[in-house]
Amino acid sequence: MTDVEIYQQLTEVFHDIFDDPTLVLKPETSAADIPDWTSFIHVNLVAATEQRFGVRFSTADIERLKNVGDLVAMVRNKRGLASSGRS
Amino acid sequence: MTLRLVPYWLPELVDRDATFAAIKASRPEERLAAIVAASQHRLDFVQTAKLDRYLQSTLVELPEPPGLQRIRLGWLGSSTLEHLLPAARIACLRRGLLLESYLAPYDQYRQELFDAESGLARFRPHVVLLCLDHEHVGVSASLDASAGDVAAQVQQRAGELRALWRMAADRLGCTVIQQTIPNLAPQLFGSFDSAVPGTALSVIDQLNRALISDAARGHVRVLDLASWAARLGHDAWFDPVRWFQAKQLVSPILAPMYGDLVARILGAIRGRSRKCLVLDLDNTLWGGVVGDDGVDRLVLGHGSASGEAFAQFQRHARLLRGRGIVLAVCSKNDRAVAESAFANHPEMELKLDDFAVFVANWDDKASNLRRIADTLNLGLDSLVFFDDNPVERALVRAELPMVAVPEVPDDPAYFVRTLEDAGYFEAVSFTSEDRSRAQQYQDNGRRVQAMESATDMDSFLRSLSMVLTIGHVDAHSLPRVAQLINKTNQFNVTTRRYSEAELQALAEQPASIALHFRLADRFGDNGLIAVILARAETPERHVVDTLLMSCRVLGRGVELAMMNALVARARQRGARELVGEYLPTARNGMVADLYARLGFEPASRDEGCVATRWSLQLDRHVPHSTFITPHEAAHDPTREAT
């Protein structure tokens, strides 16, 4: 799975979670950019990402998670694939 | 079986994105209907939360949504519960309930219950749900504590929880649901843990057992999460990463499942559980098509694995019948051929007698299901239709959305589990009426035959030799009275719902008359079938708060005999006037003219059709003539008092 594909599927997760089909994800996108991204939603976002990609993140990864770029890297690492270019 | 983690028995929502977009774009009334329709489908936790968001925004524009019954639930927990609320709301919507929630602050359940000014008290919940987790058990025994010491500590803790239940019932007048504690205590010894009374694992097991038995005695409902955790597996329910991240005991992935567990108990409290299982025959109760293959070649019973699975499903249906679920058949078959399978197949577990209605013909199944509901005097929303044929299922869902139509797995080995997991028949009590219900519906079938052979209605009613036993609502009758009050929708003039605690308080007031009625006839006992609650507004004027009757005994003049009994009691108490109200709902149109038929005069009629008020001057009342012999129950305090 390429980063482009990860971004594509992650964008769908974000659209569903925030019910906003206009959201565009960048590596630096963080809770500061999306007003609804509360700590409550954050847990759902992590769980939904796990569900979507069929992975389980570690407690330490989740603690370090700051932005979309981190989330994409976590998916990539868990799926055991090297980075193949940013979208 | 990851599929079991979502409500997998619900059908998939075809073209989900388009459906959600259409919901978003529609006007509030249409949007609400579309959300209710979407709630009947299998959705994961993200989609469920999304649908709930549409529901919440719709309620802002449409604060009094028609056709939904409100229920207020106070959530009291020792872990994070917020993520479970959207799924509980959607699962309630699935049952026609509009759930309003109050989420008590984390681990503040004692304060919320004890403080008369707490947020919970101001919220006035109908129901509170008490959720404890393995880290908040409240019993810490040492490993060398004796069995007796541990038992005493467990009893003390159970006593504290009982005190909280009483507080909720007495102060808030609400029903309590106690959740059992999923046993996530870590093993210290391995399998030997259970043999050491003081291990956390043993303590939680003992406390759960104490809670379940205490709850049954105290009219407290149980959400047995510990048992559900065992059914679907701890790994599925409880994600340790979510626990440390957000103190979520139940994983968000399982929220739709958990929400349905909460909603099915709330539904059972409100009488929304299903009452009748309608079964297809070919490839549902046996393998093969009886009309083509012949009775001898059906796959059923010993000799084949599939045959044993079909036999197990039949046995399960018969067990459901034994606990009060009415069975019916709806099959595309020649009736004689279908019946011959029951008469002649040696391994048939179900007998023709087990079915209250047996419909085998070539008409469409939606019409046949209507016929079955009519024959049984049940609403279509009481039916579950179990059919292996996806085309028939789709047709029934489209024609009769109020009938529950579970997805049926391809493999009969999973039939029983599907019915169990779907929880259509969730109960919060098991009364003697439940035990004999299936028999009562069969008796009804014989009554219908007797009516068809009678030359006129009067001679039929006379031939029934009906006896109406009138009793005061007491501790013994309370569970069944509460069950009727909370589930009767059609023959119910005010549709007021009361918890057992509220009912008991009401029945004990000296100014109130709280009567229950049992009807027996030559075909059998119909059980406790009607309730009247009235209170003295002034010494001279009694107001009928509640008047309801089970539709099983419709058209026999029972309501006339009930009114005779009420008038007699009101007179004994010196009343001169009875006042009745009719509060229209979507489902109680059949009693719109009840008070007129009972000889009441209109006292006011609201033009907006909100309610009508009726009055009966008792000195003008002439007892209604009926074919029913009234009989006073023993130990009737209203009688002893006068």
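1. A residue is called buried when its relative accessible area is under 20%, exposed when over 50%, and partly exposed in between. With 42%, B:Lys24 is therefore partly exposed, whereas A:Asp19, at 14%, counts as buried. Please keep in mind that this is a predicted model.

2. Those two residues make a good starting point, since the side chains of A:Asp19 and B:Lys24 meet in a salt bridge, at 3.4 Å from N to O. The pair crosses between chains: A:Asp19 sits in the loop between helix H1 (3-18) and helix H2 (39-53) of chain A, and B:Lys24 in helix H1 of chain B.

3. Now for the wider meeting of the two chains. Here 19 residues of chain B are in contact with 17 residues of chain A. About 1600 Å² is buried between them, with carbon and sulfur atoms giving 51% of that area. On the chain B side, B:Arg53, B:Arg242 and B:Gln245 lose the most area to chain A, together 27% of what that side buries.

4. Four salt bridges are counted between chain B and chain A, along with eight residue pairs in polar contact. In chain B, the elements giving two or more residues to the side that touches chain A are helix H1 (16-25), helix H3 (45-61) and helix H11 (240-246). H3(B) provides the largest share, six residues. By character, that side of chain B has seven nonpolar, four polar and eight charged residues.

5. One spot to look at is the salt bridge between the side chains of A:Arg56 and B:Asp239, at 3.1 Å from N to O. Both belong to a network of salt bridges that also links A:Glu50 and B:Arg242.

6. Chain B has salt bridges of its own, too. The side chains of B:Glu61 and B:Arg31 meet at 3.1 Å, N to O. B:Glu61 lies in helix H3 and B:Arg31 in helix H2 (residues 28-39) of chain B, so this pair ties together parts that are 30 residues apart in sequence. B:Arg31 is buried at 8% relative accessibility, while B:Glu61 is partly exposed at 46%.

7. Finally, the interior. The largest nonpolar core has 105 residues, and among those touching the most other members are A:Phe14, B:Trp75 and B:Trp286. Helix H12 (residues 255-269) of chain B gives this core its largest share, nine residues. Another core, of 44 residues, lies apart from it and includes B:Ile529 and B:Met549. Beyond its sequence neighbours within four places, A:Phe14 is in contact with residues including A:Asp19, A:Trp37 and A:Leu71.

Definitions and conventions. Residues numbered from 1 in each chain as written. Chains lettered and ligands numbered in written order. Predicted model: local features only at pLDDT ≥ 70, side-chain atom pairs only at ≥ 80, totals over all residues. Heavy atoms only, no water. Core = buried A, V, L, I, M, F, W, Y, C linked by side-chain atoms within 4.5 Å. Buried < 20%, exposed > 50% of the residue type's maximum accessible area, 1.4 Å probe, protein only. Helix = DSSP H or I, 4+ residues; strand = E, 2+ residues; numbered from the N terminus. Contact = heavy atoms within 4.5 Å. Buried area = accessible area lost by both parts, 1.4 Å probe. Polar contact = N/O pair within 3.5 Å; in protein donor to acceptor, adjacent residues only side chain to side chain. Nonpolar A, V, L, I, M, F, W, Y, C, P; charged D, E, K, R; others polar.
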